[in-house]
Amino acid sequence: MTPIPQPLPLEDAWNDVLGKAVRGTGIDEKNLAASANIIPSQLKSILGGERPSEDTLRRLAIAVGLRPGPFLDLAFQRYQPAPFDAARWPGVVQVPTRYMDMIVNSYLVWDAVSREAALFDTGADLAPARAIIERERLKLSALCITHMHGDHIAVLDDVLKTYRPRFYAPKDEPAPNAPGGNAILIEEGAEISIGALKGRALLTDGHSAGHLTYVFTAPSGWPAPVAVVGDALFAGSMGGGVVSYSRLRDNVRNKILTLPPATLLCPGHGPTTTVGEEDEHNSFA
Ligand SMILES: [Fe+2]
């Protein structure tokens, strides 16, 4: 299998971002082409990744309600979040695995003193997480699911049978059918402790019906909270507004990007980022 690139590339290219905004706003493509001074067939090739002039891109961004500055920075490769700094975030590890033709992230987060750990989403292969759990001598006491899409829960049974953790899943999603353990169904405001780490759930729906973001703080050791955002936000982008584009965008703006600027954001796809970086560089912010 091809090795997973490190650092992970951005999940979405500029034309993915544009496509999400076009689909999400439901804007008529003829009108959109007209407002950008192009013909509809040009719009098709632009959405397919053929980059037009900066001026055309700016007009398109404005017409679909994207922030033009961040969008142009993405299109002209002027944005890449700072690489993850393991020394600043002890006990936080991104675990990317391959799921069909994509890469999905789970995260292991632990309390350095008690060695109690939580796994956020399962990814597509338990082996890399298991290797870290063994190397760091962790006790996996919780599994926290952001949303029930297949790529995020691909080895759910394996995790539950191997570790028997407390199993937190979003209340407003299809009930998990997992023989290895009963889910604790949670919603906005639920509190979770992992040793000395304190977490709470935020409802960040829109990509899926009950999608949760988990925000954890450590009594010492981290400069700011750690937020596992699943597919609500990606570095430079956000998940698809499958259930509601407008709710997802509101949640990104009002719940995720209102966290302290240094907060580490851990997305379900692509590299980690921070609130401050996304506030400045995310086209949907
Ligand atoms: Fe998803």
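Okay, so look at the hairpin: strands E13 and E14 form one, with five residues between them. In the turn sits Gly270, and its phi is positive, about 80°. Keep in mind that this is a predicted model.

The two strands, residues 264-267 for E13 and 273-274 for E14, pair in the antiparallel sense over two bridges. Leu264, for instance, has Thr274 in E14 as its bridge partner.

E13 has another neighbour to talk about. Strand E10, residues 226-230, pairs with E13 in the parallel sense, over four bridges. There, Val228 is partnered with Cys266 of E13. And which way do the residues of E13 point? Leu264 and Cys266 go one way, Leu265 and Pro267 go the other, and all of them are buried.

Now, the iron ion. Its donors are His147 through NE2, His149 through ND1, His207 through NE2 and Asp231 through OD, at 2.2 to 2.4 Å. The angles among those four donor atoms run from 88 to 178°, and the site is irregular. His207 is in the loop between E8 and E9, while Asp231 is in the loop between E10 and E11, so this pair links distant parts of the chain, 24 residues apart. Both His207 and Asp231 are buried.

Last stop, helix H8, residues 245-256. Twelve residues at 1.5 Å each should span 16 Å, and the end C-alpha atoms are 15 Å apart, which agrees. Its buried residues are Tyr245, Leu248, Arg249, Asn251, Val252 and Ile256. They cover an arc of only 155° around the axis, so they sit on the same side of H8. Remember, an α-helix has 3.6 residues a turn, so residues three or four places apart point the same way.

Technical notes. Residues are numbered from 1 along each chain as its sequence is written. This is a predicted model: local features need pLDDT of at least 70, side-chain atom pairs count only at pLDDT 80 or more; totals for chains, interfaces and linings use all residues. Side-chain values use heavy atoms; hydrogens and water are left out. The expected span of a helix is 1.5 Å times one less than its number of residues. Buried means under 20% relative accessible area, exposed over 50%, partly exposed in between (1.4 Å probe, protein chains only). The arc is that of the directions from the helix axis to the C-beta atoms. Two strands pair if DSSP finds at least two bridges between them. Donors are N, O and S atoms within 2.8 Å of the metal (3.2 Å for Na, K and Ca); water is not among the atoms, so sites may look incomplete. Four donors count as tetrahedral if all angles lie between 85 and 135 degrees; four count as square planar and six as octahedral if opposite donors are over 155 degrees apart and all others between 65 and 115; anything else is irregular.
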